[in-house]
Amino acid sequence: MKQRGALVIARLTFKEAARRRILLAALILGMAFLAVYGTGIFFIRQDLVKQGEHLQRVVALPIYNFLAQSGLYVVSFLTLALTVLTSVDTVSGEIDSGSIQALAAKPIRRWEILIGKWLGFVAMLTLYLLIMAGGVVALTQAVLGYRPPNALRGLALMWINELLLLNVTLLGGTRLSTLANGVLAFSAYGIAFIGGWIEQIGAFLDNQTAVVIGILTSLVMPSEALWRRAAYEMRSALVDALPANPIMSSLSVPSGAMVIYAIFYAATTLVLAIWSFRRRDL
């Protein structure tokens with residue numbers, strides 16, 4: 001019965017998220033992005049073909065890898081934005097409106113309610129990520145004849161990244177208002193983003209202080225570290241042979257220990273969200 005209760009909540013959460021215009025807008029914008037991406041790489045391919053076979057061998061593969069990673073980065077951002085926008089009020093909004101009391105009054109435990117909502121969002125976000133990331137990889141393969149190496153490994157890291165931000169948002173929703181929770185989630189992502197770039201530029205300039213600042217930022221919020229590790233996994237070997245620059249290269253690569261830390265971070269925030277929700281006055 002406990003598992004059924006969580007699964008029922010998961011199904012209702014998925015349906016509610018699908019009913020919202022936010023999800024529809026994300027799908028429409030996602031399809032528009034794929035159309036723009038596919039058109040853009042088609043004309044880039046045409047121009048490279050005109051340059052001759054030698055230039056293609058030397059330049060094309062690093063460019064294709066850069067284009068694929070840029071497309072997947074946009075997909076990661078769109079999925080992260082969808083994560084926050086659809087889940088930011090799933091707890092706080094229902095507490096403020098009083099609708100959560102209807103569920104809490106039934107013979108179902110609070111942890112089942114939260115886990116059910118989590119499962120519903122995970123199913124939705126996983127489907128969206130597969131559609132969008134699969135679209136980028138498929139277009140790159142069809143138009144450019146190129147597939148990023150270790151694509152599945154990179155997509156797995158992107159998926160963990162979405163779960164991490166989802167768990168942070170759910171935790172914030174158990175104690176903060178909807179607006180404050182949204183600010184917290186996007187601010188945490190923004191801090192992680194700028195910290196990651198500080199670390200990259202610091203590595204490029206051989207500035208260890210900047211690198212340490214970036215690492216400390218990743219410990220506070222490891223979302224950008226997960227993306228940079230995913231980009232490192234999907235990099236082309238030819239990119240490493242090019243002169244180092246902070247855009248095309250992973251100059252400061254998050255270690256496997258950072259990935260394990262991020263997984264532990266995501267699991268801990270989910271446990272804390274359940275603990276906090278169980279003790280929240282409704």
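**Exercise 1. In which helix is Asn-167 found?**

Step 1. Asn-167 belongs to helix α7; helices here are DSSP runs of H or I with at least four residues, numbered from the N terminus. Residues are numbered from 1 along each chain as its sequence is written. This is a predicted model, where local features need pLDDT of at least 70, side-chain atom pairs count only at pLDDT 80 or more, and totals for chains, interfaces and linings use all residues, while side-chain values use heavy atoms and leave out hydrogens and water.

Step 2. Asn-167 has a relative accessible area of 3% and is buried (under 20% relative accessible area, with a 1.4 Å probe and protein chains only).

Step 3. Not counting residues up to four places away in sequence, Asn-167 touches Trp-118, Ala-266, Ala-267, Thr-269 and Leu-270; contact means heavy atoms within 4.5 Å.

**Exercise 2. Work out how α9 is placed against α8 and α12.**

Step 1. Two packed helices are described by the angle between their axes and the distance between the axes. Axes are lines fitted to C-alpha atoms, for helices over the stretch in contact, and angles run from 0 to 180 degrees between N-to-C directions.

Step 2. Helix α8 (residues 178–204) and α9 have axes that come within 7 Å and cross at roughly 150 degrees. That makes α8 roughly antiparallel to α9 (angles over 145 degrees).

Step 3. Now look at the residues that meet. Among them are Ile-191, Ala-192 and Gly-195 in α8, and Ala-210, Val-211 and Ile-213 in α9.

Step 4. Turn to α9 (residues 208–220) and α12 (residues 256–278): their axes come within 10 Å and cross at roughly 30 degrees. These two helices are therefore roughly parallel to each other (angles under 35 degrees).

Step 5. On the α9 side this contact uses Ile-215, Ser-218, Leu-219 and Val-220, and on the α12 side Met-258, Tyr-261 and Tyr-265.

**Exercise 3. Describe the largest nonpolar core and one of its central members.**

Step 1. The largest nonpolar core has 66 residues. Such a core is a set of buried Ala, Val, Leu, Ile, Met, Phe, Trp, Tyr and Cys residues joined through side-chain atoms within 4.5 Å.

Step 2. Several helices give two or more residues to this core, including α1 (2–19), α2 (21–51) and α3 (53–87). The most comes from α6, with 15 residues.

Step 3. Met-158 is among the residues with the most contacts inside the core, as are Leu-72 and Val-75. Leaving aside neighbours within four places in sequence, Met-158 is in contact with Leu-72, Val-75, Ser-76, Leu-129, Trp-227 and Ala-230.

How values were computed:
Angles under 35 degrees count as roughly parallel, over 145 as roughly antiparallel, 65 to 115 as roughly perpendicular and the rest as oblique. Buried means under 20% relative accessible area, exposed over 50%, partly exposed in between (1.4 Å probe, protein chains only).
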